[in-house]
Amino acid sequence: MLKYIAKRLVMAAVTIFTVATLTFLLMNMIPGGPFNAEKALTPQAKAALEAKYGLDKPLSERYVTYMKGALRLDFGDSLKQRGRTVMSIITTKFPVSAKVALIGVAVAICIGVPLGCISALNRGKIIDNVIIVGATCGIAIPGFVVCTVMLYVFGVYLKILPTMGLSTAANYVMPVIGIAFYPTAYITRLMRSSMLDVLGQDYIRTAKAKGLSQVVQLFKHAMRNAILPVVTYVGPMLAYVLTGSFIVEKIFTVPGLGGEFIKCIQGQDYPVIMGTTIFLATIMVLMNVLVDVVYTIIDPRIKLK
């Protein structure tokens, strides 16, 4: 186990290094510069700013300096928010995004898993068809469409939910639904398919022959194996939610990392864009490692090599 974890961590480090390198190179290939939009700057002032932030140095030298700083979690200073470092922006804004995203993940799991089980246990019945149609619509409809519809119906037309910020518990309702909508639908279909496969296994028929109740069959025997594909999906889903929530945050004016990231893209604030990308990539890679390890806890038959 320890050997496998060490191997996966080394692979994760290589992946993160590759992402950091590609991000740095791609950002420096973009035409123009972060100070081009500031028309009031004289050529001398622009040159002074580039010298201050090291943008006048050769690309190779900037790359080495940046990677050394990244190893210390120092992604430099923001070019647009003078006096603020990239890490201070991330540590200030990310907890807000993480809170909304984690609530969305919890809602998706708590709703998607039971719906998938109910659909599988009632295969071919009306309730199964309704759940399948609902899950298919949830996968097909883009998140920004769901958010826009909710914003108009519940915020503008009915005026029962606030549309901006996170000042009260009611402010969380629409952003959380917008984030959880697609994952819930996907988990429902994933759980249904997995549960149908498990319910056809020999050990489930043996449990039925022993006269065990359906509840015992479901939760003691079927659930542990059926939920493995969902566990596989949870790692990437969490990363997807953290990054995909950027659009949701922008629509509902959530003061999280998403709105900050979009603003930095518009303003060509390269250090913040690179730092945020590397930070989110690191979360995604580590989540995948964690999911692989959790496999053995859920199902001891799986051996990590």
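Helices here are DSSP runs of at least four residues, numbered from the N terminus. With that in hand, the predicted model is quick to sum up: the chain has 12 helices and 0 strands, so reading along the sequence just gives α-α-α-α-α-α-α-α-α-α-α-α. Of the 305 residues in the chain, 40% are buried. Looking at contacts between residues at least 6 apart in sequence, 75% turn out to join residues at least 24 apart. As for the outside, the chain's accessible surface comes to about 16,500 Å², and carbon and sulfur atoms account for 69% of that.

Helix H7 is a good place to start zooming in. Thr188 is found in this helix, and its relative accessibility is 4%, so Thr188 counts as buried. What does Thr188 touch, leaving aside residues up to four places away in sequence? The list is Gly112, Leu115, Gly116, Ile131 and Ala135. The Thr188 side chain also reaches back to its own stretch of chain, coming to 2.7 Å from the backbone oxygen of Thr184.

Helix H7 has a part in a charged pair too. Side chains of opposite charge can pair when their charged atoms come close. Searching the whole structure turns up 1 salt bridge, and it is formed by the side chains of Asp128 and Arg192, with N and O 2.9 Å apart. Asp128 sits in helix H5 (residues 126-140) and Arg192 in helix H7 (residues 173-199), so this pair ties together parts that are 64 residues apart in sequence. Are the two partners buried or exposed? Both Asp128 and Arg192 are buried.

Next come the rings. The structure holds 7 aromatic pairs. In one of them, Tyr152 and Tyr157 have ring centres 6.3 Å apart and planes at 25°; planes under 30 degrees apart count as stacked, so this pair is stacked. Unlike the salt-bridge partners, which are buried, Tyr152 and Tyr157 are both exposed. Elsewhere, ring pairs link Phe24, Tyr63, Tyr66 and Phe75 into a cluster.

The stacked tyrosines turn up again on the surface. Together with Phe154, Val156, Leu158 and Ile160, Tyr152 and Tyr157 make a nonpolar surface patch of about 640 Å². Phe154 belongs to helix H6 (residues 143-157). Why does Phe154 count as partly exposed? Its relative accessibility is 31%, and partly exposed covers the range between under 20% (buried) and over 50% (exposed), so Phe154 falls in the middle class.

Notes: Residues numbered from 1 in each chain as written. Predicted model: local features only at pLDDT ≥ 70, side-chain atom pairs only at ≥ 80, totals over all residues. Heavy atoms only, no water. Salt bridge = Lys/Arg side-chain N within 4 Å of Asp/Glu carboxyl O. Helix = DSSP H or I, 4+ residues; strand = E, 2+ residues; numbered from the N terminus. Buried < 20%, exposed > 50% of the residue type's maximum accessible area, 1.4 Å probe, protein only. Phe/Tyr/Trp six-rings, centres within 6.5 Å; stacked < 30°, edge-to-face > 60°. Patch = residues over 30% accessible without salt bridge, like charges linked within 9 Å, V, L, I, M, F, W, Y side chains within 5 Å. Areas by Shrake-Rupley, 256 points an atom, 1.4 Å probe, with all protein chains shown as cover. Polar contact = N/O pair within 3.5 Å; in protein donor to acceptor, adjacent residues only side chain to side chain. Contact = heavy atoms within 4.5 Å.
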